[in-house]
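The exercises below are meant for a reader who is opening this structure without having met it before. Please keep the sequence and the 3D view at hand, and try each task before reading its solution.

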Amino acid sequence: MSEDIPKTHPRKSATFDDYTLSEIRRAAATGIYDIRGGGAKRSVPGLDDLLFLGASLSRYPLEGYREYCGTDIVLGSRFATNPLKLKIPITIAGMSFGSLSAQAKEALGRGASIAGTSTTTGDGGMTKEEREQSEILIYQYLPSRYGMNPDDLRKADAIEIVVGQGAKPGGGGMLLGQKISDRVAEMRNLPKGIDQRSACRHPDWTGPDDLEIKIHELREISDWKKPIFIKIGGARPYYDTALSVKAGADVIVIDGMQGGTAATQEVFIENVGQPTLACIRPAVKALQELGMHRKVQLIVSGGIRNGADVAKAIALGADAVSIGTAALVALGDNNPELEDEYKKLGTTAGAFDDWHEGLDPAGISTQDPDLSKRLDPVTAGRKLSNYLKVMTMELQTIARACGKSHVLNLEPEDLVALTVEAAAIAQVPLCGTDWIPGKKNEILLS
Amino acid sequence: MAILNLKKIGVSGVNSALHKIVENSEKDFEIRNPQGQHSIACGINAPLNVEIKGHVGFYCGGMNKYAKILIHGHAGVGVGENMMSGYIHVKGDTSESAGATAHGGFLVIEGNASSRCGISMKGVDIVVGGSVGHMSGFMAQSGNLVICGDAKDALGDSIYEANIFVRGEVSELGADCIEKEVRPEHSAKISKLLKSSGINANPTDFRRYGSARQLYNFDVDNFESY
Ligand SMILES: Cc1cc2nc3c(=O)[nH]c(=O)nc-3n(C[C@H](O)[C@H](O)[C@H](O)COP(=O)(O)O)c2cc1C
């Protein structure tokens with residue numbers, strides 16, 4: 001009898017989905033939180049929720065390829081006597097030697113130099129390879145001060161004081177024992193094979209008043225020549241930007257929660273910090289209120305993938321963007337051609353994020369000599385420069401369509417939002433309306 | 001001996017004079033009227049002798065290489081921070097984070113040092129004539145920290161391979177920091193450092209603290225310490 005009763009379809013919980021269940025089992029089996037690379041994987045309001053209006057009767061477009069559309073930018077013109085001049089408003093973010101192979105660092109330098117932009121060191125110091133191959137190299141000044149020394153500081157073209165990262169605002173660096181090779185250990189003055197948990201606060205300053213004095217010291221050491229960047233995770237962008245200006249920054253880098261990391265707790269990556277989209281307007285507002293917009297340059301990072309993302313960030317008020325994950329993908333990270341090897345690691349191309357384990361088959365996030373050798377820095381560098389050029393041309397395509405002769409002329413008025421959330425966050429009208437949530441209707445679009 | 005009057009030429013004037021060193025140029029400098037200013041004599045990259053006649057603010061002698069800097073007064077936060085080599089001697093007391101992340105060289109503080117003395121030190125030798133505040137030797141990676149007086153709470157928390165020697169009392173040790181045997185090579189090191197510092201203390205009175213190395217790799221059974 002009972003066999004005749006129709007059964008309901010097995011139903012999985014939306015709360016306890018397969019991923020959640022697998023994580024509970026993993027935690028129970030190992031007793032350690034999940035650590036991984038990359039940025040937030042959850043869906044958050046982002047630049048995809050914005051659209052450009054393009055030109056029409058009220059705006060004239062520029063002729064593609066014929067009429068000039070500038071992409072050059074200057075970073076660090078506030079106090080530094082030698083500001084950086086970049087051909088494109090897309091820079092390569094700081095990624096440490098240690099998390100990445102020496103070949104990957106070299107490839108980033110090569111690609112950036114061909115495209116006319118800068119690259120950045122990371123938590124672990126400056127390698128010879130990246131200095132030699134990077135026309136413009138920014139030297140990170142991190143809480144750990146691994147590999148920090150005045151000789152490399154003088155060799156650098158700018159200094160970036162890292163206060164935080166979007167993937168983990170308030171967290172320190174993490175490099176697990178598997179990746180501490182002899183060279184990495186030596187550069188960091190630590191024994192081989194131990195887990196390195198870098199400090200999350202700087203050892204000799206706390207708060208914006210001290211930071212001002214720290215910046216003064218770095219300027220004195222570098223004879224006021226080099227631009228000083230402050231990099232902040234997307235936590236409180238309005239106040240952090242205002243305080244960075246007050247502390248004397250030349251350039252402010254704001255990294256949203258989609259921003260990649262080499263290794264951090266999953267719980268941190270997915271639950272701390274604000275989306276990149278949410279960081280831009282408050283930061284720009286702070287700069288505008290202080291009369292510093294476009295004087296102290298704003299670089300935005302965290303999930304930037306293409307020229308449209310760059311154009312939107314600039315239209316909202318950024319001066320440039322920075323890329324990490326996308327640059328690694330351009331070098332060959334997560335390439336489906338390596339699917340067999342990703343399978344052996346229990347993952348699949350596009351989802352491989354155990355960068356901290358040092359087993360990257362693409363030879364990028366590893367210190368294993370055999371794996372690292374797989375990455376040819378010249379070929380990979382060329383791919384990165386191609387990608388940077390494509391992004392730049394996409395950016396120009398949009399800027400010309402909006403009638404701009406320089407990409408920095410893009411403005412919020414060129415944008416609408418697809419969702420109410422994005423309209424509220426980006427402070428641009430919801431498409432088809434003149435409604436900016438939280439603002440009085442002052443202008444009529446239609 | 002060249003005299004640099006900070007009151008007249010400012011911090012940048014002083015530092016640019018100390019940075020513009022070429023072969024055969026003056027090697028001996030006296031800085032007058034330091035007025036507690038920040039960043040004095042930082043970023044020196046030559047074997048100079050620098051005497052500072054008075055108190056200094058933050059980061060005096062920061063990132064020093066080769067120079068010998070004598071401070072006739074007290075020093076603010078981060079004296080000798082990240083120094084690579086050379087010798088910095090403070091006649092008075094120092095504020096927080098003295099010798100922070102210093103990779104090499106020798107730092108002597110005749111008086112007391114505040115909290116976080118030798119934080120993240122990466123190879124420097126430090127001798128403190130008086131006592132140090134809390135969190136001294138936090139995450140100290142290598143080098144030697146000799147404390148002739150007492151040490152406050154959380155001494156050597158999360159220490160790596162540095163050695164801490166204390167003559168007086170330790171209020172409390174930080175996570176993963178334990179007392180260790182003073183072997184002959186350690187006594188010899190203490191004697192040598194005390195002698196070079198000019199501070200008078202009996203090398204046999206010191207106890208040694210270092211890493212238990214229990215937190216070097218993650219272990220869920222260390223849960224209480226995380
Ligand atoms: C492999 C890797 C290593 C990183 N290392 C550092 C670092 O050493 N210092 C730092 O400030 N940020 C580091 N980051 C963060 C990047 O600088 C940047 O903020 C982030 O990658 C931008 O987001 P995106 O990856 O979505 O482009 C790292 C990111 C990755 C992917």
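**Exercise 1: The ligand and its surroundings**

In this predicted model, a nitrogen atom of the ligand sits 3.2 Å from an N or O atom in the side chain of A:Gln165. Find which side-chain atom types of A:Asp255 and which backbone atom types of A:Gly324 approach an oxygen atom of the ligand, and at what distances.

Solution. Begin with A:Asp255, where an N or O atom of the side chain is 2.7 Å from an oxygen atom of the ligand. Then turn to A:Gly324, which uses the backbone instead: one of its N or O atoms there is 2.8 Å from an oxygen atom of the ligand. As a further step, consider the cover, for the ligand on its own has 600 Å² of accessible area, and the protein covers 98% of that.

**Exercise 2: The shell**

Determine how many residues surround the ligand, and how the shell divides into nonpolar, polar and charged residues.

Solution. The count gives 24 residues around the ligand, with A:Gly94, A:Lys231, A:Asp255, A:Gly303 and A:Thr325 as the closest. Sorting the residues of this shell by class gives seven nonpolar, 14 polar and three charged.

**Exercise 3: Where the two chains meet**

Describe the interface of chain A and chain B by its contacts and by the area that is buried.

Solution. First, count the residues in contact, which are 36 in chain A and 33 in chain B. Next, take the area: the two chains bury about 3,000 Å² between them, and 55% of this is on carbon and sulfur atoms. On the side of chain A, the residues that lose the most area to chain B are A:Pro203, A:Ile213 and A:Glu220, which together account for 17% of what that side buries.

Then look at the polar side of the interface, where 17 residue pairs are in polar contact, both residues being at pLDDT 80 or more. Helix 6 of chain A gives the most to the side that touches chain B, namely eight residues, and the residues of that side divide into 16 nonpolar, eight polar and 12 charged.

**Exercise 4: Charged pairs**

Locate one salt bridge across the interface and one that links distant parts of chain A.

Solution. Side chains of opposite charge can pair when their charged atoms come close. Across the interface three salt bridges are found, and the side chains of B:Lys65 and A:Asp151 form a salt bridge with an N to O distance of 2.4 Å. Within chain A, the side chains of A:Glu270 and A:Arg36 meet at 2.9 Å, N to O, and this pair joins helix 8 to strand 1, its residues being 234 residues apart.

Key: Residues numbered from 1 in each chain as written. Chains lettered and ligands numbered in written order. Predicted model: local features only at pLDDT ≥ 70, side-chain atom pairs only at ≥ 80, totals over all residues. Heavy atoms only, no water. Contact = heavy atoms within 4.5 Å. Buried area = accessible area lost by both parts, 1.4 Å probe. Salt bridge = Lys/Arg side-chain N within 4 Å of Asp/Glu carboxyl O. Polar contact = N/O pair within 3.5 Å; in protein donor to acceptor, adjacent residues only side chain to side chain. Helix = DSSP H or I, 4+ residues; strand = E, 2+ residues; numbered from the N terminus. Nonpolar A, V, L, I, M, F, W, Y, C, P; charged D, E, K, R; others polar. Near = heavy atom within 4 Å. Areas by Shrake-Rupley, 256 points an atom, 1.4 Å probe, with all protein chains shown as cover.
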